[in-house]
Amino acid sequence: MHAPPSDPNKRGAFGSRLGFILAAAGSAIGLGNIWRFPYTAGENGGGAFVLLYLVFVVALGLPVLLAELSLGRASKSNPVGAFKRFFPESWWPYVGGLGVLTGFGILAFYVVIAGWSLSYLGRALSGAFDGAMTAEQSGALFNEIISSPLETVAMAAVFLVLTASVVRAGVGGGIELASKILMPVFFLLLLVLAGRSLTLPGADKGIDFLFGTDFSKLSGQGIMSALGQALFSLSLGMGAMITYGSYLPDKENLPVAGAAVAFFDTLIAMLGGLIIFPALFSQGMEPAGGPGLVFVVLPTIFHSLPMGSLFAVAFYGLLSIAALTSTISLLEVVVAYFVDEKGWDRSKAVMLIAPATLLLAVPSALSQGAVGFFSKFIGGKGFLDVQDILFGNISLSVGALLISVFVGWKWGAKKALEEMGDFSLGAIWSILIRFACPVAVGAVLVTYVVGLFGE
Ligand code: TRP
């Protein structure tokens, strides 16, 4: 599907509006919703964090999403090329460069978590979830998986190979197909799991935790995490949506597509929370369990369903596919950069970048107990957590800040609005992207950095 990008008219393109919405939603929906959202909400005290996250999605995420999509479609280019196209002699293309680097950095830890999901899929297929599983047994299984160097590295590698083979084939067919058929199935399955979790004894404590707002629990770090989570979940701040926008046909209505993506992404994160927290409190577990939280909680739900193993297989299978549609978008950004800007052949780009990603993924994979040095890397945090904070929170926020300044002021909100076509809330978008986004994101970053030194 992908033609040599030297001819801008022949870039790969999405076949239909629905195809694009599903592919962009496929990028947005992934481990961020099911794994990262519940665990960061758990670490940051629940309700107040969730509320702030929702505010950030609507007031900052959606405007930045529309900014990225319109910049991408107007420039028909990768993140670096998008800035270059309008201001070749400026430093702005470096913002795109930061995005490419960030994509690489996120991909390198994301495939490790996706690898855990594959490990669980394997366990589910071999009937590991047939009998009842207590919280302790589930915790022991998790530890067995993450502390095995061979298994975690191998599964991350398998996941990278899967990602690389789709990206090598180019956008279009593969991404659209996976998104179109499998994501709706995933959604239905999540509804069933949430239904089960919500009817477990003691489930109401989970609801209280998720929606009871106690702002005293929110630290400067929590605010940073809420912003990072809003951006991460919507795949913003590093140009993934610039790249996807560049494949979007001109006639499509950007605001509608963007709003649909943000809506489904947020809905699924909420479903993730509604699955995890009721079950967690029903089991008497601790919400601040860190990156392993979801993986430990979920198996305790399956056995309480009829045909639980079947649900387990379906769940881990679909979670892996949801993760795949996200890793595709991450790798696609890095590949599109080397193809468009450096003139590399698509296959060559994939063949070089995927192994490089694996190299950076290894320390993350070994950071959950397998190797002490990586497990307590900086300030007691493991290599994976450090990667996640650095790329997933800070770098995305810096990226979103610069993208909103660029689109709002440098390229100009007016040009972006022309690209979006007339839309009734255009004036509000303009205010948000020019003022609210830069100011709020800047303030969160400053608070966070000051907090780091205050410690
Ligand atoms: N949004 C995806 C998730 O929630 C992860 C992801 C894909 C991403 N592409 C991205 C995050 C680009 C940040 C930037 O799982």
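Select the shell around the ligand in this predicted model and colour it by residue class: nine residues are nonpolar, eight are polar and none is charged. Within this set of 17 residues, Ala 28, Gly 32, Tyr 110, Phe 232 and Ser 235 come nearest to the ligand.

Next, display the helices that contribute to the shell. Helix H1 (17-28), helix H2 (31-43), helix H5 (93-125), helix H10 (220-233) and helix H15 (308-342) each supply at least two of its residues.

Now turn to the polar atoms of the ligand, beginning with Tyr 110. A polar side-chain atom of Tyr 110 is 2.4 Å from a ligand oxygen atom. Move then to the backbone of Leu 31, where a polar atom lies 3.2 Å from an oxygen atom of the ligand. At Ser 27, select the backbone again: one of its polar atoms is 3.3 Å from a nitrogen atom of the ligand. How much of the ligand's accessible area does the protein cover? On its own the ligand has 360 Å² of accessible area, and the protein covers 100% of it.

Hide the ligand and show the cavities. The space that the ligand takes is the largest cavity.

For the last stop, leave the ligand and select Glu 419 together with Arg 73. Their side chains form a salt bridge, with an N to O distance of 2.7 Å. Glu 419 belongs to helix H19 (residues 413-420) and Arg 73 to helix H3 (residues 47-75), so this pair ties together parts that are 346 residues apart in sequence. To extend the selection, display the salt bridges of the whole model, which number seven.

Notes
Residues numbered from 1 in each chain as written. Predicted model: local features only at pLDDT ≥ 70, side-chain atom pairs only at ≥ 80, totals over all residues. Heavy atoms only, no water. Near = heavy atom within 4 Å. Polar contact = N/O pair within 3.5 Å; in protein donor to acceptor, adjacent residues only side chain to side chain. Areas by Shrake-Rupley, 256 points an atom, 1.4 Å probe, with all protein chains shown as cover. 1 Å grid on protein atoms, 1.4 Å probe; cavity = no way out; pocket = protein on both sides within 12 Å on 5 of 7 lines; lining within 4 Å. Sits in = over half its atoms within 2 Å of the grid points. Helix = DSSP H or I, 4+ residues; strand = E, 2+ residues; numbered from the N terminus. Nonpolar A, V, L, I, M, F, W, Y, C, P; charged D, E, K, R; others polar. Salt bridge = Lys/Arg side-chain N within 4 Å of Asp/Glu carboxyl O.
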